[in-house]
Amino acid sequence: MCGIVGIVGHSPVNQAIYDGLTLLQHRGQDAAGIVTIDAENRFRLRKANGLVSDVFRQEHMLRLQGHVGLGHVRYPTAGSSSVSEAQPFYVNSPYGLTLVHNGNLTNNAELKKLLFTLAKRHVNTNSDSEALLNIFAYYLDQHQTEPLTPENIFETVRNTNKVIKGAYACLTMIIGHGIVAFRDPLGIRPLVLGKREESGKTEYMFASETTALDIVGFEYVRDVEPGEAIYITFDGEFHSAICADNPKLNPCIFEYVYFARPDSVINGVSVYGARVHMGRFLGEKIANEWKDILDEIDVVIPIPETSTDIALQIANVLNKPYRQGYVKNRYVARTFIMPGQAQRKSSVRRKLNAIASEFKGKNVLLVDDSIVRGTTSEQIVEMARLAGANKVYFASAAPEVRYPNVYGIDMPTSEELVAYNRSVEEIAQMIGVDRLVFQDLEALFKAVQLENPEIKAFDASVFTGEYITGDIDQAYLDSIAQARNDKAKSQLSKQEENLEIYNES
Ligand SMILES: O=P(O)(O)OC[C@H]1O[C@H](OP(=O)(O)OP(=O)(O)O)[C@H](O)[C@@H]1O
Ligand SMILES: NC(=O)CC[C@H](N)C(=O)O
Ligand SMILES: [Mg+2]
């Protein structure tokens with residue numbers, strides 16, 4: 001679910017981009033990168049595996065000179081976890097071009113072949129983002145006017161949109177020109193625009209979520225529209241155009257369930273507001289369907305971090321105490337977006353610990369935002385039992401996750417999903433609870449639409465198996481299942497997967 005940032009400023013941007021990335025760290029923990037353009041029109045780049053605070057030391061920040069730049073935090077959905085596939089990516093022609101991408105292209109293999117056929121362009125890694133950059137570069141290179149006009153830029157985006165498939169929120173930075181933001185025609189991944197006035201000049205910032213704008217003092221202006229390109233020159237000229245046929249907003253619903261921060265507003269939806277509605281609707285469902293055990297429930301307990309706001313609403317609806325039964329280790333990152341199942345499994349136990357007194361002899365209702373692989377639920381139920389819980393009930397604020405995701409969430413195969421081919425009762429047995437309830441999909445849609453009634457449809461493929469880009473067939477799903485299942489990824493040796501050209505210690 002990567003996070004992206006871009007700034008066209010009139011003073012040094014390295015610290016602002018760093019700060020923005022720290023507010024997007026929850027979207028990607030594998031790698032981080034920043035690229036700027038210095039006073040001699042040279043790219044200055046630092047990217048490496050690790051968290052933002054690990055990747056950038058003082059010598060790197062001093063390197064990142066210039067008043068314009070891009071930043072990226074990575075959660076791999078294509079290629080590997082190798083630093084060679086960290087972002088930003090760079091190509092030298094035309095002009096000198098860099099790119100950051102949130103999303104996933106579903107025709108990466110075809111794009112690599114097309115690039116070689118069209119222009120003998122070699123893409124060295126298996127990153128879809130590197131292919132995307134080269135497609136953009138190829139079409140940009142078709143224009144001969146100097147400097148490029150906004151129409152040249154928009155024509156480039158139109159041509160790019162015609163050949164790439166999947167989900168993408170992108171920022172490219174062109175030496176001697178400016179930053180171009182563009183979003184897929186269905187708006188699956190988020191992208192917002194902010195601005196601020198500095199010594200009489202306007203500066204602009206793009207980011208995956210509004211929280212990144214907040215921390216660096218940029219005022220939210222609007223979201224980048226589905227299919228829209230916004231071109232901001234380094235002189236601060238603002239140009240925009242819709243560069244796709246019949247664009248329509250179908251945002252990824254899992255952003256609201258899990259990925260985005262509660263203090264973010266994306267596609268006009270307060271993420272916190274949506275989660276409050278999710279909790280209320282799920283509480284009402286429990287009140288209606290669990291009449292036989294309602295009086296038995298002693299306490300509602302969240303699974304920190306994401307589900308806390310949801311659980312509080314459930315406790316309010318059911319008029320039950322809301323207690324902190326699990327303490328989250330502040331030094332352990334998000335487990336769901338960790339690269340392998342072994343690491344996810346071992347991290348859950350380091351991340352969450354039970355306060356025994358909150359469970360001993362009690363009938364507890366545990367609440368999480370979602371159950372995906374069951375990595376979290378299995379272990380926290382075991383902890384509840386070991387702490388002496390009498391009955392353990394479980395509520396998920398999202399419906400059963402039964403299908404792979406191909407639009408930027410690394411869930412390549414159904415077989416890894418605990419709800420795949422299983423009934424609610426069978427899942428309850430799998431995770432060891434006395435009763436289990438999932439949110440209804442319609443209620444989940446409504447929870448988001450209450451915050452923005454303009455949104456009429458979503459990418460809900462993980463729940464429905466419907467892939468709204470219309471190009472996904474079983475052969476593709478089989479290919480990514482084979483290439484990217486946990487076993488296949490774990491067998492990639494560090495050496496084999498590292499296709500790095502620019503080496504740095
Ligand atoms: O069933 P699973 O495969 O475990 O996936 C679902 C769990 O993973 C996420 O938590 P995570 O630890 O990633 O982040 P959080 O701290 O934001 O809750 C999510 O909030 C669920 O708790
Ligand atoms: N989570 C994402 O947005 C991933 C971006 C890109 N597909 C990559 O793998 O690097
Ligand atoms: Mg969680």
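Start at T306, which sits in the loop between β16 and α10. Keep in mind throughout that this is a predicted model.

**Stop 1: the annotated site**

Add D368 and D369 to your selection. Together with T306, they carry the UniProt annotation "binding site", which comes from an unreviewed entry. Now look at how they are placed. The three span 64 residues in sequence, yet no two of their C-alpha atoms are more than 7.6 Å apart, so they gather at one spot. T306, D368 and D369 also belong to the lining of the largest pocket.

**Stop 2: ligand 1**

What takes up the space of the largest pocket? Select ligand 1, because that is the molecule sitting there. Now show its surroundings. There are 17 residues around ligand 1, and the closest are T306, K351, D368, D369 and T376. The annotated residues T306, D368 and D369 are thus among the closest to ligand 1.

Zoom in on the polar contacts of ligand 1. Pick T335: an N or O atom in its side chain is 2.7 Å from an oxygen atom of the ligand. Move to R373. Here a polar backbone atom lies 2.8 Å from an oxygen atom of ligand 1. Then try T375, where a polar backbone atom is 3.5 Å from an oxygen atom of ligand 1. On its own, ligand 1 has 500 Å² of accessible area, and the protein covers 96% of it.

Color the shell by residue class. Around ligand 1 you will find five nonpolar, six polar and six charged residues.

**Stop 3: a cis bond beside the site**

Go back to the loop between β16 (299-302) and α10 (308-318). E305 is in this loop, and so is T306. Select P304 and E305 and look at the bond that joins them. The peptide bond is cis, with omega near 25 degrees.

**Stop 4: the annotated domain**

Select residues 2-235. An unreviewed UniProt entry annotates this range as "domain: Glutamine amidotransferase type-2". Switch to cartoon view. Over residues 2-235 the chain is 27% helix and 34% strand. Mark the C-alpha atoms at the two ends of the range: they are 28 Å apart.

**Stop 5: ligand 2**

Next, select ligand 2. Which kind of space does ligand 2 take? The space is the largest cavity. Two elements give two or more residues to the shell around ligand 2: β6 (97-105) and α5 (128-140). The largest share comes from β6, with four residues.

Show the neighbors one by one. In total, 15 residues surround ligand 2, and M1, C2, R74, Y75 and G103 are the closest. By class, the shell around ligand 2 holds five nonpolar, eight polar and two charged residues.

Now turn to the contacts of ligand 2. At M1, a polar backbone atom is 2.4 Å from a nitrogen atom of the ligand. At R74, a polar side-chain atom lies 2.7 Å from an oxygen atom of ligand 2. At A78, a backbone N or O atom is 3.2 Å from an oxygen atom of ligand 2. How much of ligand 2 does the protein bury? Taken alone, ligand 2 exposes 300 Å², and the protein buries 100% of that.

**Stop 6: two backbone details**

Two loops remain to visit. Select P94, in the loop between β5 (89-91) and β6. A cis peptide bond joins S93 and P94, with omega about 0 degrees.

Finish at N41. This residue lies in the loop between β2 (31-37) and β3 (43-49). Check its backbone angles. N41 has a positive phi of about 60 degrees although it is not a glycine.

Key: Residues are numbered from 1 along each chain as its sequence is written. Chains are lettered from A and ligands numbered from 1 in the order in which they are written. This is a predicted model: local features need pLDDT of at least 70, side-chain atom pairs count only at pLDDT 80 or more; totals for chains, interfaces and linings use all residues. Side-chain values use heavy atoms; hydrogens and water are left out. A residue is near a molecule or strand if one of its heavy atoms lies within 4 Å of it. A polar contact is a pair of N or O atoms within 3.5 Å; within protein, one must be able to donate a hydrogen and the other to accept it, and residues adjacent in sequence count only if both atoms are side-chain atoms. Accessible areas come from the Shrake-Rupley method with a 1.4 Å probe; for residues, only the protein chains shown count as cover. On a 1 Å grid over the protein atoms alone, a cavity is a set of points where a 1.4 Å probe fits but cannot get out, and a pocket is an open set with protein on both sides within 12 Å along at least five of seven lines; lining residues have an atom within 4 Å of a point. A molecule sits in a cavity or pocket if more than half of its atoms lie within 2 Å of its grid points. Ala, Val, Leu, Ile, Met, Phe, Trp, Tyr, Cys and Pro count as nonpolar, Asp, Glu, Lys and Arg as charged, and the others, Gly among them, as polar. UniProt positions are given in the numbering used here, feature names are shortened, and annotations may be inferred rather than shown by experiment.
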